[in-house]
Structures are given as C-alpha cells and as structure tokens.
Amino acid sequence: METTATRTADTCAGPPQGDRRPDGQDMYTISEVVALTGLSAHTLRWYERIGLMPHIDRSHTGQRRYRNRDLDWLALVGKLRLTGMPVADMVRYAELVRAGDHTYAERFALLKATREDVLARIAELQGTLAVLDRKIDFYADAGRALASERSR
C-alpha cells in the first residue's frame with residue numbers, strides 16, 4: 001500500500017476480498033494467504049524474492065506473517081498481471097512505491113503506458129469478437145436453412 005504523510009493512497013485493487021480480519025488483528029500465515037488469494041506458496045515466496053512484495057513480517061519462529069496491506073498489494077499485483085504488464089515492470093513499480101512520493105510521475109507514466117496497452121488489446125479483442133460473431137451468425141443461419149430444407 002502506498003502512503004503519504006497526509007493520506008493513505010491507492011490500495012487500487014477494489015474492495016477487500018474474502019474473510020479478512022480487522023486491521024490490528026490481521027496476521028495471516030502463508031497458507032491462509034494461499035487460501036484467500038488463490039496464489040501458491042511458491043508464487044508468494046517468489047514475489048518476495050524478486051522484490052515484487054514489500055517486506056513481509058516474520059513471527060518469532062521465522063514464519064511469514066502477512067497483513068491486510070499485503071493482501072491489498074497482492075490484489076493490485078493480480079490486476080497488473082491481468083493487464084499483461086511484464087514482471088520486470090511490476091517489480092519496477094513496486095520499487096518506485098517503496099522509494100516514496102517523489103516517484104509519482106514515473107509511476108503515472110508506467111501505469112499510463114500499461115493502460116494504453118490494455119486499450120489496444122481490448123480493441124484487438126473486439127475485432128476478434130466481431131469475426132467470431134459473424135461466423136456464429138453464418139453457422140446459425142446455415143443450420144436453420146439446413147433444418148428447414150430437411151423438414152420439407
């Protein structure tokens with residue numbers, strides 16, 4: 001989660017999902033996060049190893065302890081993955097968030113470029129959908145004509 005001195009900013013991934021605990025009581029094991037997010041434990045560890053996840057707290061025995069802010073971040077990462085954003089760009093975004101408010105312009109540019117890519121993919125998919133619709137209509141019409149011919 002991104003913070004500034006005056007406000008909490010940008011959990012961005014939508015409303016909280018699943019059975020989350022109230023802030024202050026929000027300590028989750030890796031297996032609980034797996035159940036809440038659908039990500040594998042291996043993926044969560046990998047995200048941490050490559051710098052995509054912020055620092056994850058540890059218990060006195062060394063077990064990872066995730067918080068609601070980590071779940072929010074994972075939800076955002078999931079949305080970024082759905083955009084097709086390369087992992088390297090997601091890691092760069094995470095680094096910029098950790099670097100602080102002075103990186104807003106670079107974050108803005110990165111997200112704006114990703115948005116443009118998403119819009120281009122949507123347009124491409126809309127064109128593909130139009131082709132499929134024409135083919136479906138063709139086969140529906142052909143099927144009706146064939147059925148009509150057989151019923152005579």
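Contact here means heavy atoms within 4.5 Å. On that basis, Leu80 touches Met85, Met90, Tyr93 and Leu111, not counting residues up to four places away in sequence. The model is predicted. Its chain has five helices and four strands. Buried residues make up 29% of the 152 residues.

**Overall layout**

- From the N terminus on, the order of elements is β-β-α-α-β-β-α-α-α.
- Contacts far apart in sequence are well represented: among contacts between residues at least 6 apart, 53% join residues at least 24 apart.

**The largest nonpolar core**

- In soluble globular proteins, nonpolar side chains tend to be buried together.
- The largest nonpolar core in this model holds 23 residues.
- Within this core, Tyr66 and Trp73 touch the most other members.
- Four helices each supply at least two residues of the core: H1 (30-37), H2 (41-50), H3 (68-83) and H4 (87-99).
- Helix H3 gives the most, with six residues.

**Packing of H3 on H4**

- Two packed helices are described by the angle between their axes and the distance between the axes.
- For H3 and H4, the axes come within 11 Å and cross at roughly 145°.
- The crossing of H3 past H4 is right-handed.
- From H3, the contact uses Trp73, Leu76, Val77, Leu80 and Arg81.
- These residues meet Met90, Tyr93, Ala94 and Val97 of H4.
- By class, the residues of this contact are eight nonpolar, no polar and one charged.

**Leu80**

- Leu80 sits in helix H3.
- Its relative accessible area is 7%, so Leu80 counts as buried, the cut-off being under 20%.
- Leu80 is among the H3 residues that meet H4.
- Two of its listed partners, Met90 and Tyr93, are also on the H4 side of the helix contact.
- Leu80 and Thr114 are 34 residues apart in sequence, and their C-alpha atoms are 8.6 Å apart in space.

**Asn68**

- Asn68 also belongs to helix H3.
- Asn68 is buried because its relative accessible area is 4%, where buried means under 20%.
- Beyond neighbours within four places in sequence, Asn68 is in contact with Arg20, Arg21, Pro22, Asp23, Asp26 and Tyr28.
- With Arg21 there is a specific polar link: the side chain of Asn68 reaches the backbone oxygen of Arg21 at 2.8 Å.
- Val33 is 35 residues from Asn68 in sequence, with a C-alpha to C-alpha separation of 10.0 Å.

**Arg64**

- Arg64 lies in strand E4, which spans residues 64-65.
- Its relative accessible area is 18%, so Arg64 is classed as buried, again by the cut-off of under 20%.
- The side chains of Arg64 and Glu48 are joined by a polar contact of 2.5 Å.
- Glu48 is one of the contacts that Arg64 makes outside its neighbours within four places in sequence.
- The others in that set are Tyr28, Thr29, Ile30, Arg45, Ile56, Asp57 and Arg58.
- Tyr28 appears in the contact lists of both Arg64 and Asn68.

Methods. Residues are numbered from 1 along each chain as its sequence is written. This is a predicted model: local features need pLDDT of at least 70, side-chain atom pairs count only at pLDDT 80 or more; totals for chains, interfaces and linings use all residues. Side-chain values use heavy atoms; hydrogens and water are left out. Buried means under 20% relative accessible area, exposed over 50%, partly exposed in between (1.4 Å probe, protein chains only). A polar contact is a pair of N or O atoms within 3.5 Å; within protein, one must be able to donate a hydrogen and the other to accept it, and residues adjacent in sequence count only if both atoms are side-chain atoms. A nonpolar core is a set of buried Ala, Val, Leu, Ile, Met, Phe, Trp, Tyr and Cys residues joined through side-chain atoms within 4.5 Å. Axes are lines fitted to C-alpha atoms, for helices over the stretch in contact, and angles run from 0 to 180 degrees between N-to-C directions. A crossing is left-handed if the near helix is turned anticlockwise from the far one by less than a right angle, and right-handed if clockwise. Ala, Val, Leu, Ile, Met, Phe, Trp, Tyr, Cys and Pro count as nonpolar, Asp, Glu, Lys and Arg as charged, and the others, Gly among them, as polar.
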